[in-house]
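Q: Please take a close look at a single part of this model, and then follow it outwards to whatever adjoins it in the description. I am new to this structure, so a careful, connected account would help.

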Amino acid sequence: MTQQPGVGSRRVPQVLRPVSAGDYDEIYRWSTHPSTGLLWRYRGATPSPELVIRQIWDGATAVYAVTLPGRRPAVGVVGLYNYSNVSRYCYLFALSAPEARGAGAVALGALLLCEQAFTTFRVRKVYVEATQSSLVQYASAVSRGLLEEEARLVEHEWNGVGYDDLVTLSVTRERWDRLAPAGVRVAGLSV
């Protein structure tokens, strides 16, 4: 089944569409907003809009805007980067609009992108990096055994008040096939 130009299925509404230049102002806002910026790579800094957008695309294999069904404005962005065709792994990033945090749309977008990584790009492992203080956003996937801690750099990242551990989580293809939510495990999912 092919869903163009975004990603979805009969059971999961289309929530991913390719990022366009019209999304850039919002991506910059989310990257520097006090409630989401500290969780994101800039940790509260205010880089130039050009740098933020360039870094979204640097090393990217796939980048999508996350939308709510039937609505054009994005509520987040997800992407795959540092893809290794030889070793068959990639990293996943996800950034939510401040007003959409906790709503589940970006989490669903990240799950759909994981499915794409395993089916389209045929990776064997997907990595996610997060600071200790931002791991709460992955709590459900960790408690279900979908994501597993693979590495921890102790007191590695400044969080505004002190140093935070940088944690690398991963999901293997085998674990994904066993534990991924049924709604995102769609045969033939493609972009």
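A: The largest pocket holds about 1000 Å³ of space. Its lining is made up of 41 residues, and those closest to its centre are Phe 93, Ala 94, Val 128, Gln 137 and Tyr 138. Strand E4 (89-96), helix H4 (105-119), strand E5 (125-131), helix H5 (139-143) and strand E7 are the elements that each give two or more residues to this lining, and among them H4 gives the most, with six residues. By type, the lining residues of this pocket divide into 27 nonpolar, eight polar and six charged.

The model is predicted, so local features need pLDDT of at least 70 and side-chain atom pairs pLDDT 80 or more, while totals for chains, interfaces and linings use all residues. Residues are numbered from 1 along each chain as its sequence is written, and side-chain values use heavy atoms, leaving out hydrogens and water. A pocket here is an open set of points on a 1 Å grid over the protein atoms alone, where a 1.4 Å probe fits, with protein on both sides within 12 Å along at least five of seven lines, and lining residues have an atom within 4 Å of a point; the volume is the space filled by probe spheres set on the points. Helices (at least four residues) and strands (at least two) are DSSP runs numbered from the N terminus, and nonpolar covers Ala, Val, Leu, Ile, Met, Phe, Trp, Tyr, Cys and Pro, charged covers Asp, Glu, Lys and Arg, and polar the others, Gly among them.

Of the elements named, E7 can be followed further through Ser 170, which has its place in this strand (residues 163-172). Ser 170 counts as buried because its relative accessibility is 0%, where buried means under 20% relative accessible area, exposed over 50% and partly exposed in between (1.4 Å probe, protein chains only). The side chain of Ser 170 makes a polar contact (a donor and an acceptor, N or O, within 3.5 Å) with the side chain of Glu 150, at 2.6 Å. Beyond its neighbours within four places in sequence, Ser 170 is in contact (heavy atoms within 4.5 Å) with residues including Lys 125, Val 126, Tyr 127, Leu 146 and Glu 150.

E4 can be followed back as well, since Arg 88 is found in the loop between E3 and E4. Although Arg 88 is not a glycine, it has a positive phi of about 60°, and its relative accessible area of 39% makes it partly exposed.
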